[in-house]
Amino acid sequence: MKQSIGAALRWAMSLAFLLSPISLAAAADEPVVGQPLPGQIGMQPAVTPIAHQMHVFHNGILLPIIIGISVFVAVLLAVVIVRYNEKANPVPSKTTHHTALEIAWTVTPVLLLFIIAIPSMKLLTDELVVPKSDMTMKVTGKQWFWSYEYPKDQNGGFAFDSYILKGDDLKPGMLRNLAVDNEAVVPVGKTVHLLVTGADVIHEFMIPAFGVRIDAVPGRMNESWFKAEKEGVYYGECSNICGKDHAFMPIAIRVVGEKAYEAWLQSAKKQFASAPSPSRAADASAPTSIRSAEITPAPVRLAGAQ
Ligand SMILES: [Cu+2]
């Protein structure tokens with residue numbers, strides 16, 4: 001029963017997707033890159049099953065409903081303006097109640113919300129219920145950079161910080177405000193179990209192309225997952241205002257083939273082995289002006305306090 005509902009839902013979603021002219025345009029051959037593009041309309045190309053599902057939900061269900069409601073309301077307004085203005089309709093109707101109409105405008109929105117809620121709940125569940133994973137990566141949001149940890153039992157056992165590249169560190173071809181010194185690397189086609197937390201304030205780990213967006217909350221370990229289908233570099237940004245350099249703590253995930261990943265693990269183990277903790281507050285080689293040593297805790301102000 002549950003399976004048949006799921007199959008019917010998938011069928012309805014794919015039908016809605018096919019019927020949507022906007023989604024057809026979006027599905028045209030686009031280069032798959034994990035970055036915003038000039039003149040971009042719509043979302044970044046999806047490279048994970050969850051991101052695909054999000055695109056179907058947005059383009060196939062939400063947009064047609066939004067467009068339908070907008071057109072309906074606009075037409076109603078036009079009819080009212082043309083047919084019921086003072087000149088065209090000098091003696092207005094005195095009707096104040098219309099039972100059928102009132103039932104209709106109560107029931108229709110409820111039905112629409114149901115239509116939205118069912119696939120929406122399924123999507124939320126799929127995002128948060130982590131399938132059998134191939135590897136685990138722990139991400140910690142800090143003011144104002146990210147730390148990545150690769151567990152020992154998965155051939156890792158190291159951690160590193162990832163800072164934005166600025167000024168002279170930014171080489172030609174690198175993306176301003178998105179390029180970082182140490183990219184996190186993951187293998188293509190593997191399910192990555194993400195553990196996300198915050199070290200100081202609430203940050204948010206967000207990668208549009210992966211359909212990943214999850215809060216990094218101090219004292220709490222949130223989890224999500226992704227399975228990147230294509231090799232490449234995928235960028236994201238902290239999406240929860242977290243302080244003065246909130247805009248300057250980008251996320252860069254490089255998706256590579258199995259062999260390249262193994263090679264990176266070996267080199268990363270050597271490179272990051274000397275760092276006992278992921279924070280390099282005392283490391284003068286940090287490439288940007290933003291170092292953890294500069295962090296000064298923000299004064300805590302209670303609501304209503306003067
Ligand atoms: Cu942040």
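Asp153 is exposed, with 7 other C-beta atoms within 10 Å; a residue is called exposed if 12 or fewer other C-beta atoms lie within 10 Å of its own, buried if 20 or more do, and partly exposed in between, the C-beta atoms being placed from the backbone. Asp153 lies in the loop between strand E2 (145–150) and strand E3, where helices (H or I, at least four residues) and strands (E, at least two) are DSSP runs numbered from the N terminus. Its C-alpha atom is separated by 9.6 Å from that of Met135, a residue 18 places away along the chain.

This is a predicted model, in which local features need pLDDT of at least 70 and side-chain atom pairs count only at pLDDT 80 or more, while totals for chains, interfaces and linings use all residues. Residues are numbered from 1 along each chain as its sequence is written.

**Loop residues**

The loop between E2 and E3 also holds Asn155, and Asn177 is placed in the loop between E3 and E4. Both appear in the table with their phi values and their C-beta neighbour counts.

| Residue | Phi | Other C-beta atoms within 10 Å |
|---|---|---|
| Asn155 | near 70° | 13, partly exposed |
| Asn177 | near 70° | 13, partly exposed |

For Asn155 the phi value is positive in a residue other than glycine, and the statement holds for Asn177 as well. A further backbone feature is the cis peptide bond that joins Gln143 and Trp144, with omega at about 0°; Trp144 is found in the loop between E1 and E2.

**The five-stranded sheet**

Five strands form an open sheet in the order E3-E2-E1-E5-E8, with mixed pairing; two strands count as paired if DSSP finds at least two bridges between them. Strand E3 (158–162) and strand E8 (222–226) are the edge strands, each pairing on one side only, and the twist averages 25° from one strand to the next, with axes taken as lines fitted to C-alpha atoms (for helices over the stretch in contact) and angles running from 0 to 180 degrees between N-to-C directions.

Strand E1 (residues 135–142) and strand E5 (residues 192–198) pair in the parallel sense over seven bridges. Within this pairing, Met137 has Leu194 of E5 as its bridge partner, and Gly141 stands opposite Gly198 in E5. E5 is joined to E8 by five bridges, and these two strands run antiparallel; here Val192 is partnered by Phe226 of E8. Five of the seven residues of E5 are buried, so this strand is largely enclosed by the rest of the structure.

**The three-stranded sheet**

A further open sheet is formed by three strands in the order E4-E10-E9, and its pairing is also mixed. Strand E4 (184–187) and strand E9 (232–236) stand at the edges with a single partner strand each, so one side of each is left without a neighbour in the sheet. The twist in this sheet averages 25° from one strand to the next. E4 pairs with strand E10 (residues 251–256) in the parallel sense over four bridges, and the bridge partner of Ala184 in E10 is Ile253. Helix H5 (residues 258–273) packs on the sheet and touches E4 and E10, its direction making about 140° with that of E4; contact requires that the C-beta atoms of two residues, placed from the backbone, lie within 7 Å.

**Core and overall architecture**

The largest nonpolar core (a set of buried Ala, Val, Leu, Ile, Met, Phe, Trp, Tyr and Cys residues joined through C-beta atoms within 7 Å) has 40 residues, and those with the most contacts inside it include Met137, Leu194 and Ile253. At least three residues of this core come from each of domain 1 (2–90 + 98–128) and domain 2 (135–280), the domain bounds being those of an automatic or database domain assignment. Leu194 touches, among others, Met137, Val139, Val212 and Phe226, residues up to four places away in sequence not being counted.

The protein has five helices and ten strands, and buried residues make up 24% of its 306 residues. Of the contacts in the protein with a separation of 6 or more, 70% are between residues 24 or more positions apart. Helix H4 (residues 99–128) is hardly covered, the count of buried residues among its 30 residues being one. At 1.5 Å a residue, H4 should span 44 Å (the expected span is 1.5 Å times one less than the number of residues), and its end C-alpha atoms are 43 Å apart, which agrees.
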